[in-house]
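Hello,

Here is the structure we talked about handing over. Please open it first, then read the notes below.

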Amino acid sequence: ASGPGGVALDAAGNVHVADTYNNALKRLLASGGFVTTDTLVQSFGNADGLAADADGNLIVADATTNSVSEVLASGGFTSTQMLAGGLGGPHDVAVDASGNIFVADSVNGAVKEIPAGGGSVVTLSNAFNYPRGIAVDGNGNVFVADTNNHAIKEILAPAYTQVNTLNSGFSYPYD
């Protein structure tokens with residue numbers, strides 16, 4: 001891999017890697033002790049952030065094409081569909097238990113949500129300065145590495161209107 005930008009685990013314990021500079025997604029198979037590597041898709045501009053949903057589909061943030069896409073597990077990861085475009089350098093994605101996708105829309109200084117099953121992209125907050133990493137907990141709270149503000153922040157579920165700074169003692173947190 002060249003510049004691996006994101007890692008996600010599936011239910012079988014396989015490790016999926018966003019091979020950023022090779023514009024690809026790769027998989028390390030758990031069944032073989034992680035020594036077997038498959039190239040799943042090689043069509044991204046800059047695959048950076050990566051998450052797996054409950055069905056094993058891979059959600060990819062592509063900072064070059066300013067989009068988020070889904071690579072479908074059914075059929076062996078051969079089908080890719082764009083979920084959202086027109087973003088500004090999305091660098092990471094996370095998926096909650098309901099299938100909602102959260103995006104660190106870095107250049108736009110925002111965290112956005114792509115609703116489960118599709119629909120319009122919703123801006124949860126634009127109170128960030130180059131959000132780079134994103135995660136979601138079991139309660140739906142969203143955690144953000146707010147890179148240029150040197151902070152880790154939390155957006156509280158379910159309303160997503162309150163943003164708390166958890167810690168501001170970091171030097172450019174990325175994930």
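**A buried lysine and its surroundings**

Lys 112 has a relative accessibility of 13%, so it counts as buried. The cut-off for that word is under 20%. Please keep in mind that this is a predicted model.

Where does Lys 112 sit? Its place is in strand 11, which covers residues 110-114. Which residue forms a salt bridge with Lys 112? Asp 105 does, and the closest N and O atoms are 2.9 Å apart. Asp 105 has a relative accessible area of 0%, so it is buried too. Side chains of opposite charge can pair when their charged atoms come close.

Lys 112 also touches a number of other residues beyond four places in sequence, including Leu 87, Ile 101, Phe 102, Val 121 and Leu 124.

**Phe 102**

Take Phe 102 next. It is found in strand 10, residues 101-105. Its relative accessibility is 0%, so it counts as buried. Leaving aside neighbours within four places in sequence, its contacts include Asp 92, Val 93, Lys 112, Ile 134, Val 142 and Tyr 160. Phe 102 and Val 122 lie 20 residues apart along the chain, and 9.5 Å separates their C-alpha atoms.

**The sheet with strands 1 to 4**

One open sheet has 4 strands in the order 1-2-3-4, and the pairing is antiparallel. Strand 1 (4-9) and strand 4 (37-41) stand at the edges with a single partner strand each, so one side of each has no neighbour in the sheet. Neighbouring strands here are turned by 25° against each other on average, direction ignored.

Look at strand 3, residues 24-28. It pairs with strand 4 in the antiparallel sense over 4 bridges. Arg 27 stands opposite Asp 38 in strand 4. The side chains of Arg 27 and Asp 38 also meet in a salt bridge, at 2.9 Å from N to O. The pair links distant parts of the chain, with Arg 27 in strand 3, Asp 38 in strand 4, and their positions 11 residues apart.

Is each partner buried or partly exposed? Arg 27 is at 17% relative accessibility, so it counts as buried. Asp 38 is at 23%, so it counts as partly exposed.

**The sheet with strands 13 to 16**

Another open sheet of 4 strands runs in the order 13-14-15-16, again with antiparallel pairing. Strand 13 and strand 16 (163-167) are at the edges, each with a single partner strand, so one side of each is left without a neighbour in the sheet. The twist averages 25° from one strand to the next.

Why is strand 13 largely enclosed by the rest of the structure? Strand 13 spans residues 131-136, and 5 of its 6 residues are buried, so the rest of the structure largely encloses it.

Strand 13 pairs with strand 14 (residues 142-146) in the antiparallel sense over 5 bridges. Ala 135 stands opposite Phe 143 in strand 14. The two strands form a hairpin with 5 residues between them. In the turn, Gly 140 has a positive phi of about 90°.

Strand 14 also pairs with strand 15 (residues 151-155), antiparallel and over 5 bridges. There, Val 144 has Lys 153 as its bridge partner. Lys 153 forms a salt bridge with Asp 146, with the closest N and O atoms 2.9 Å apart. Both Lys 153 and Asp 146 are buried.

**Salt bridges overall**

How many salt bridges does a search of the whole structure find? It finds 5. Among them are Arg 27 with Asp 38, Lys 112 with Asp 105, and Lys 153 with Asp 146.

Best wishes

Methods
Residues numbered from 1 in each chain as written. Predicted model: local features only at pLDDT ≥ 70, side-chain atom pairs only at ≥ 80, totals over all residues. Heavy atoms only, no water. Buried < 20%, exposed > 50% of the residue type's maximum accessible area, 1.4 Å probe, protein only. Pairing = 2+ DSSP bridges. Contact = heavy atoms within 4.5 Å. Axes fitted to C-alpha atoms, helices over the stretch in contact; angles between N-to-C directions. Salt bridge = Lys/Arg side-chain N within 4 Å of Asp/Glu carboxyl O.
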